[in-house]
Structure formats: structure tokens, C-alpha cells
Amino acid sequence: MRQDIARNYEEAKKQYASHGIDVDQVLAELSDIKISIHCWQGDDVRGFLFRDQELSGGISVTGEYPGAARTPEELRADLTKAMSMIPGTHKVNLHAIYADTDESVDLDQLEPRHFQKWVDWAKEQGIGLDFNPTCFSHDKSKDGFTLSHPDPEIRQFWIDHCKASRRIGAYFGEQLGQTCVTNIWVPDGYKDVPVDRLAPRQRLKDALDEIFAEELNPAWNLDAVESKLFGIGSEAYVVGSHEFYMGYGMRNNKLICLDAGHFHPTEGIAGKLSSLALFTDGILLHVSRPMRWDSDHVVIMDDELLEIGRELVRNHLLHTTHIGLDFFDGSINRIAAWVIGTRNTIKALLRAKLEPTEKLKQAELEGDYTTRLALMEEFKSYPFGAVWDYYCEKMGVPVREEWLAEVKRYEQDVLLKR
Ligand SMILES: C[C@H](O)[C@H](O)[C@@H](O)C(=O)CO
Ligand SMILES: [Mn+2]
């Protein structure tokens, strides 16, 4: 342990202790939190099954930064590199198009064996895996509809894909001894104002009922459903809206996924957590950063991220919330994107844990809003940076921006040679 880091930590600890915060305990708890790191930042959501397919579904990646992973081996190497710069043991979130197989297999025919190399790698790394059916970037989703498609044959294809995905998720959970969250997001929607808003939702509901009919061990697989307000090409109407999935998730005991970029541009998700927590057994988050639209920018330490962290900590929701990341930026080094976004997410949770929550709640209860505001503001400049540095050093990962030199080295040695 470097002396300056240890000294600053001891000093910071005293300041937090004066407000009853046990920093050592906070760090012990922080190291138990798993963030689900999304594989698709590593290759601009291309995947390996259909390399010639354009990204569709109303999402988009911009940027031509060199070094995107072209094979599963490259993607795993990049993820391993990124995780070596992120404190803690986390999970990796796969989409179905990331199957690692020489077979030419379509989405409805996928089986656990097509992901065996990912499972073997996850075992080596001691991490868990999460999963997502890929209901986009495919010939059968070209007209923007999948699970709610009016053509029963196409609808069945996507139903079968989602069924296959749940079985793959359960396999991950069983093999790795960690529950896999399998999250369903479909892009289905209309560019212009529809006449019938009900029928597609009825079809989506029926499709989900069929997908979830098979009982799977919840210790291995938990299902989640992800809503969206609009996408490119589905500006007027999205079948799987927030209200739709709120209703579906609550009635059918599915995790409701809140993606930070899937609401009105000024609407945050932090304020929704306490409400959902009262009526559900758990929540899935897609921590993202929308800029004017669902642009999926790399997560930064902004007010929304801090507020998500505070809501999770203050309401004791960390043990039931699955925290996943969902951003993709092709204009910067993709490993740096993972490192920045994941470290920020962990750091926001640390900052929330370093607030005098009970004191603040007490002040609020007593109507002492002056103390509430004063403490909340003063704590914004308490020395959380010293605690973060100590945590990184203790966990054996680079302190502060030291990781950047490592990323640049990897870029020279590996990425630029691709
Ligand atoms: C890759 C997508 O971002 C992801 O599947 C989905 O979660 C989404 O957020 C679509 O906007
Ligand atoms: Mn998402």
C-alpha cells in the first residue's frame, strides 16, 4: 500500500467517522456489489453470428475508433483487460448474437453449447454471466416488429428465440453458480401514429406468456422485461412501453428493467426505484447516458448516476437490484469506455454509501430541511476520492487515471494491430 494513499485514507476515515460512517465496513460492502458489464461496447453491437447485418432496432453506434473486437477471442481478451482495471468481481452481459460457434445457426436454434466457450472463460475469471435474446439486426426484424409481429410465423421465430435464450440463461446460472438475468427487449413499434395501439400489445403479451410458460429454476435464471419510449423509426409508438411492462412484470413476477435512456429526455429513473421496490421483488437497471435521445453515451459521474446510487443505498435496494450497464460509443477506445463507465457506477455507489443517510433521514422527518440541505451539499466535497484511491489500491487495480497508460499500451500492442 502506497503511503500517501494510506495516509489520505486514514484522514478521510476520521472525517466520515465523525458522522457515524464506518468506511472500512462501507468498502467491505462495496466489494460485494456486482455490475453486469455489457459485452456489446466492445464491438459496436455487431456480434458474431451475422457479421454482415447492419445494426437495427432503432439503436445506433457512431464513431470509427480503431480496434473493435472481431472475434469472440478478441472480445474476451478486451473484457479481461477492462476487468483488470475495475475493482471487484463482476458479471458479463451477453447478447445472443455473441454466440461462439463455427456452426451456422439461427437465433431460434441456439443452444447452451453455442456459448460453452463463454462459460469456460467465465469460470476461469470467476464471474457470472447475464443474457439477452437479440431481437434486432436480423432479416426477420427488418420491418421493425418481432414478438408482436402480425405474421404468426415470424412471431413464432422470435418466441422460439426467446425461449432458447431463457434456457441458455439457466445453463449459465447452473454452470456458474450465479443467477443469470435474461432480459427481453424488443424494438417493435411504429414510425407514425398507429390506428390500433392495442392489438400489437395483445400479441406481445401472448408471446411473452408463451415464452415464460416453461418453468426454470429461479436460482439459475431470472427473467426481465425492458421498456422503451421511442427509438429511431418507432417515434410514434413502441409496443413494449413502460406501462405495458410495469403491468406485465408485476402481474407475472418478472424483473422490470429500467434503462436510463428509455424515457422522456428529462425524465430520470432514480425516482422510480422506490415505487417499483414496493411492488416487485427486484429490479434490473440498464445504466446508460442519454443525450437528447437514447444515445447510449458512456456513463459519467453526473447527477442522474449519483441519484441512482443514492436511491439504491438509502432504500436498501442493492441486494435486490441487478445493475447492468448499457452504453456503446465507437468514437473512443472501447476498453476505456468500459473502464470509465463501470468505475463511475461503482464510485457513485461508494459516494452514496459515504453519506450520513440516517442523519439525513432524521432531519427530514423532523422537518429540519435546513440541516438536510446543508449536509447534503457539504458532503459533496467530503474526501470520497481518498477512499476510492485506497479501495482501488487495496483491490489491486490502477489508482486514479493510472489505468489510462495501461489502456494506451494495450491499444498500441493489440488494438491497432487488428
Ligand atoms: C443493445 C441494446 O442496447 C439493448 O439490448 C437494449 O437493452 C436497449 O437498451 C435498446 O435500446
Ligand atoms: Mn437497455
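Is S137 buried or exposed? S137 is buried, with a relative accessible area of 5%. The model is a predicted one. S137 sits in the loop between β3 (128-132) and α5 (152-176). Its backbone stands out. S137 is not a glycine, yet its phi is positive, at about 50 degrees. Most residues other than glycine have a negative phi.

R292 also has a positive phi, about 70 degrees, without being a glycine. Its loop runs between β9 (283-287) and α9 (303-314). The setting of R292 is exposed, because its relative accessibility is 76% and the exposed class begins over 50%.

Now step back to the whole chain. The protein chain holds 14 helices and ten strands. Its C-alpha atoms fill a box of roughly 65 × 55 × 40 Å along the principal axes. A compact globule of 418 residues would have a radius of gyration near 22 Å; the chain has 22 Å, so the two agree. Of the 418 residues, 55% count as buried. Contacts reach far along the sequence. Among contacts with a separation of 6 or more, 81% join residues 24 or more positions apart.

Next, the interior. The largest nonpolar core has 121 residues. Those with the most contacts inside this core are Y16, L94, W118, L147, F172 and L208. A second, separate core has five residues, including A224, L255, C257 and L284.

L147 gives a closer view of the packing. Leaving out residues up to four places away in sequence, L147 touches R155, W158, I159, C162, I184, V186, D188, R203, L204, A207, L208 and I211. One of these partners, L208, is also listed among the residues with the most contacts in the largest core.

Rolling a probe the size of a water molecule over the atoms shows where empty space is left. The largest pocket has a volume of about 810 Å³. Its lining comprises 37 residues, with V181, L222, L255, T320 and H322 nearest the centre. L255 thus has two roles in this description: it lines the largest pocket and belongs to the second core. Three elements give two or more residues to the pocket lining: β6 (221-226), α7 (242-252) and β10 (321-325). The largest share, four residues, comes from β10. By class, the lining has twelve nonpolar, 13 polar and twelve charged residues.

Enclosed space comes next. There are five cavities of 30 Å³ or more. The largest cavity contains about 160 Å³ of space. It is lined by 17 residues, and I59, H95, W185, E226 and D326 are the closest to its centre. Its lining divides into seven nonpolar, five polar and five charged residues.

The second largest cavity holds about 90 Å³. Its lining is made of Y16, L306, R310, A348, R351, A352, L354, E355, F379, K380, Y382 and F384. α9 and α10 (334-353) each supply at least two of these residues. α10 gives the most, with three. The classes here are eight nonpolar and four charged, with no polar residues. Y16 ties this cavity to the core: Y16 lines the second largest cavity and is among the residues with the most contacts inside the largest core.

Notes
Residues numbered from 1 in each chain as written. Chains lettered and ligands numbered in written order. Predicted model: local features only at pLDDT ≥ 70, side-chain atom pairs only at ≥ 80, totals over all residues. Heavy atoms only, no water. Core = buried A, V, L, I, M, F, W, Y, C linked by side-chain atoms within 4.5 Å. Buried < 20%, exposed > 50% of the residue type's maximum accessible area, 1.4 Å probe, protein only. Contact = heavy atoms within 4.5 Å. 1 Å grid on protein atoms, 1.4 Å probe; cavity = no way out; pocket = protein on both sides within 12 Å on 5 of 7 lines; lining within 4 Å. Points joined across faces, edges and corners; volume = space filled by probe spheres on them. Nonpolar A, V, L, I, M, F, W, Y, C, P; charged D, E, K, R; others polar. Rg over C-alpha atoms; globule rule 2.2 N^0.38 Å.
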